[in-house]
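Here is a walk through one protein structure, from paired charges to backbone outliers. Keep the model open as you read.

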Amino acid sequence: MCPQKNNSTTLFNPFPGLRPFTIAESHLFFGREGQSEEVLSNLSKNRFVAVVGSSGSGKSSLMYCGVVPILHGGFITEAGSKWKIIPSRPGNDPIGNLAKGIAEASNADQGPQVNSKLIRAILNSNSQGLTEAIKHTQKKSDQNYLILADQFEELFRFRNKQDDVDAANEAFAYVRLILNAVQQSEVPIYVIMTMRSDFIGECAQYQELTELINTSHYLIPQMNRDNFRLAITGPVAVGGGKITDKLVNELLNDLGDNPDQLPILQHALMRTWNFWIEHTAGKDPMDVEHYEAIGRMEKALSNHANEAYNELEPEEKEVCENMFKTLTERGNDNRGIRHPTSLNIIAKIANTSEKNVAKVVEHFREQGRSFLTSADIQLDTNSIIDISHESLMRIWDKLKVWVEEEAIAIQMYMRLSDAAAMYQEGKIGLWRPPDLQLALNWRKEKKPTLTWAQRFSPAFERAMVYLETSEKAHLAEEENKIRLQKKALRRSRIFAIVLGTAAVISLGFMVYAITMQAESNKQRIIAEQQREEAEKQKKEADVQKELALQKEKEATEQRQLALDKEAEARHQSQIAERQRLLAEQSLAEAKRQEAIAVRQTTEAKKQKEIADKKSKEALDEKKKVEKAQEVTKQLRMLSIARSMAVKSVQIEENDELKALLAYQAYEFNKEYGGDQFNPDIFDGLYYALKAKNGPEFNSLRGHTDVVRSLAAVPNENTVLFSAGSDGSIFKWKFENDLVENEAVYNGDEIIREIAISPNGKLMVMANDLFQVKIFRLGEYEDSVLYSHTNVITSLSFIDNEKVISSSSDGSIFIRNIKSGQNDKIMEESSIWDAAVTPDGKKILYVTEDHKAKLYTIADKATKELFSGTKPLYSCTISHNGEIMAIGDKKGTILIIDDSNGDETKEINAHNSRINDLKFSKDDKILATVGYDGAVRLYFTENFDKTPIVIRDYSAWGMSLVFNNENDALYTSYVDANIKRWDIYSKDIADKLFPKIGRNLSQKEWETYVGKDIPYIETLEVYKK
């Protein structure tokens, strides 16, 4: 809370942020008037009171700034005004922390110094130890003692520790010390304990404590609107500042009914005050624009924490992440719980030096931040570090992710530890995928240490040995599977060869049988011929016999000859018959061999089909394995590409390495089918190109004041017009990498809007005199077309003859340039923006009273599309007329998918008001810009896809426009600058490649890409 000088008045920031108010800040504590007396009333009756309330309700601040000052004023009459306040928190060591608190309170007075170790020994000596310890340190006989047991819920976390079997006994002893001290009357000891209301049920574990709480407790009531108003305006007045009623009402509206918002309110006010002093020096009252600039209540804390995180070096960021994961945890009921931890334990868990941890702690607890707290001003190895408030776990986006990651890591470790124990007992076997792969991924990402693990289960070495054994067994099994697959494939091939050979032999047998059949047929024909010859001989013998009868003399001689020939014929006939029988037998054998050959051929074909099927199955399995390997490789290479891109952004001092990593990441992403609009790849390329070209490489400088409006000439990709508060209209001409600008108009008025007709011949502009002027492009001789009665908020053409404009006076004019006819729409609230549908038949407009409406020009009918709780500031319609987009005051985008307004989607985009949003000419991209300076590119095919966010410029963004080729976006800013952004990663990569002067070294390749990935020379492989 540093004072600032404002003329004769000394200003100082009266808001503490997340941390509670201290006793010295009681003059700044407002909104809880009258409650301190009720707490003290219970304390005086029972010497004990439990102050219970929800997280963020201000329990600690009420004690230090409300109860303690009144107590010193003598509110408890019988006790007097002499009090010794002993603050203590259970933390990780309830009795030790109580001993430390007693010793520090005693040593603050003059006299002998007290050793906290001695006090602890007294506390542990018996159940009256607290009374004995107070007696030992008592320096004044009429002194009263108040034990402030703050954050009492920490005792239940300590009691449930798994790594300390005596924790439950120590927690019980701690409660017994407090109860006995309150019940005795020898020493005036009073106790106030503060506790979150959601832990009240845990107290039932201690019966006497429960009875005491039932007898004397105070439930902090929820603050009403008047209490919050006083908590805002009171400290502002004490700090010497002023605040507008409008801002007070905005703050009260943002608070709503959530009591947890109190520390968030204090933090937002602290940030708003600092911004107000920095930009106005306290001359004007704090107003809404100062509040919006810090991201309002819902984002101020997260933005502030992110600022602190982004200021760290890469190594310090890793320490920061490990530290906050150590200091926070998620309970079994998903409640966020603080986990105070000593500096040396944090260093061991983060695997770094205590000096590095201390540096990060100091960074997060420096003046104006107070995200971390410690009782020690100078940190040492035993200093206890804690987050300042639980709300940090619910609000800071990074910490929410870390808490979730830590909960998952703890869950995985506990599963692994339980499995290792059961394996040791022989109840289960080793882990296999997918459990094994999940555990290996956890080990790689978390890199668990012994110190970290012992907080949850002491058997860390056993769990790690079990995981390593499971991994080795799985790898051996996979290798054996591969060997078996190869062996099976080889056996299938041999079997196919054997079956093929059998088929060939069977075919040989079949050919032989056919040959034998042919030979048998030949022998049968010969036999037939011989039989015919025998019959012929017989006939001849008959003839001879006849002749013999005729010639008896000759018969005797010839008879013997005939008988001989007959005998020979019979003999030849018998031979022929035998040949015929033999031929038939041969034919039968041939047929049998043929049947055998057919059966063998059929079996051979069947076996061949089986062998082919087995071979095909083996080949298909091989292809599946190869496909899986390809997919795994693809996913890994895409992950490496994104990792390289992220590392490229983090590199600050080596521009060459930064460019190399970004470009190689782009090529990997393209080669392995990655998303061409991947935000990490885009960021890597852009920041590498910026490092090579300098911060002004995409700036268009010409104006001297706020650039309020941009307009592109239809069907002309090389010309852009801009206008702003300096009264000038500039024409920008782009030829390759050359940019020329010319001031085509210079006036005395502030130009708020410009628009160009669809045929590119006319331009209209709106000035701060509420006038709409028109002139012809190339001539720039202006004339007043018509006027509104207040600020003109939008201006555009319906077609080449009609112009529409909206105004904060609640009107929309539709002006026919040729006929001079004016149509008018009137609203009761200011109109902040208007857009025309592509067919020119309807007008979409948004109003300050949170409504979006659609006006039909033909029948002059108005339909309400949307009514919300936040003022709407900007709107646009896609070129195909299918999507409407609306931006509001808090940075939310409302997407309406059809003209009926039935299908809507809300996107939390910017940290503050959205000033302009436009669709690309092909309607594939929606671009937005706002007061937070960020430019966001959303993809209309899927608005849930992670957008590209350009955070490189912090000035307030005012206007934006796409070029006609959809490959570049222009944005204007409050600091008179215009930026040109390439939309496609390919265009940025093509500009970056010629500026790279070397390849990655082998060592750099192994560090950023991987040792198992073949090295390539980037410049040679991707040479254009």
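Glu 362 is partly exposed, because its relative accessibility of 33% falls between the limits of 20% and 50%. The model is a predicted one. Glu 362 pairs with Arg 365 in a salt bridge, with the closest N and O atoms 3.1 Å apart. Both residues sit in helix 16, which spans residues 354–365. They are three residues apart, about one turn of the helix. Arg 365 is buried, because its relative accessibility is 18%, and the cut-off for burial is under 20%. The bridge thus has a partly exposed acid and a buried base.

A search of the whole structure finds 41 salt bridges. Another of them joins the side chains of Arg 701 and Glu 696, at 3.1 Å from N to O. Arg 701 is partly exposed, with a relative accessible area of 41%. Glu 696 is also partly exposed, at 42%.

Lys 851 and Glu 864 form a further salt bridge, and here the closest N and O atoms are 3.8 Å apart. This pair links distant parts of the chain, with the two positions 13 residues apart in numbering. Lys 851 belongs to strand 28 (residues 851–856), while Glu 864 belongs to strand 29 (residues 861–867). Lys 851 is partly exposed, at 24% relative accessible area. Glu 864 is partly exposed too, at 42%. Elsewhere, salt bridges with shared partners build one network from Glu 250, Asp 254, Glu 292, Arg 296, Lys 889 and Lys 890.

Now turn to charges in a surface patch. Glu 313, Glu 315, Glu 318, Glu 652 and Glu 653 form a negative patch on the surface. One of them, Glu 315, is in helix 14, residues 314–327. Glu 315 counts as exposed because its relative accessible area is 58%, and the threshold is over 50%.

Next come two buried residues. Tyr 309 lies in helix 13 (residues 296–310). Its relative accessibility is 12%, so Tyr 309 counts as buried. Which residues does Tyr 309 contact, leaving aside neighbours within four places in sequence? They are Lys 317, Cys 320, Phe 364, Trp 396, Lys 398 and Trp 402. Arg 913 is 604 residues from Tyr 309 along the chain, and their C-alpha atoms are separated by 24 Å.

Ser 60 is in helix 2, residues 59–72. At 8% relative accessibility, Ser 60 is buried. Beyond residues up to four places away in sequence, Ser 60 touches Pro 20, Asp 150 and Gln 151.

The backbone comes last. Most residues other than glycine have a negative phi, and most peptide bonds are trans. Ala 281 has a positive phi of about 60° and is not a glycine. Ala 281 sits in the loop between helix 11 (262–280) and helix 12 (288–293). It is partly exposed, at 36% relative accessibility.

Asn 715 also has a positive phi, near 65°. Where is Asn 715 placed? It is in the loop between strand 14 (707–712) and strand 15 (719–724). Asn 715 is exposed, with a relative accessible area of 74%.

The peptide bond from Pro 433 to Pro 434 is cis, with omega near 5°. Pro 434 is in the loop between helix 18 (397–424) and helix 19 (435–446).

Terms used:
Residues are numbered from 1 along each chain as its sequence is written. This is a predicted model: local features need pLDDT of at least 70, side-chain atom pairs count only at pLDDT 80 or more; totals for chains, interfaces and linings use all residues. Side-chain values use heavy atoms; hydrogens and water are left out. Patches are made of residues with over 30% relative accessible area and no salt bridge: like charges are joined within 9 Å, nonpolar side chains (Val, Leu, Ile, Met, Phe, Trp, Tyr) within 5 Å. Accessible areas come from the Shrake-Rupley method with a 1.4 Å probe; for residues, only the protein chains shown count as cover. A salt bridge is a side-chain nitrogen of Lys or Arg within 4 Å of a carboxyl oxygen of Asp or Glu. Lys and Arg count as positive and Asp and Glu as negative; His and the chain ends are not counted. The place of a charge is taken as NZ of Lys, CZ of Arg, CG of Asp or CD of Glu. Helices (H or I, at least four residues) and strands (E, at least two) are DSSP runs, numbered from the N terminus. Buried means under 20% relative accessible area, exposed over 50%, partly exposed in between (1.4 Å probe, protein chains only). Contact means heavy atoms within 4.5 Å.
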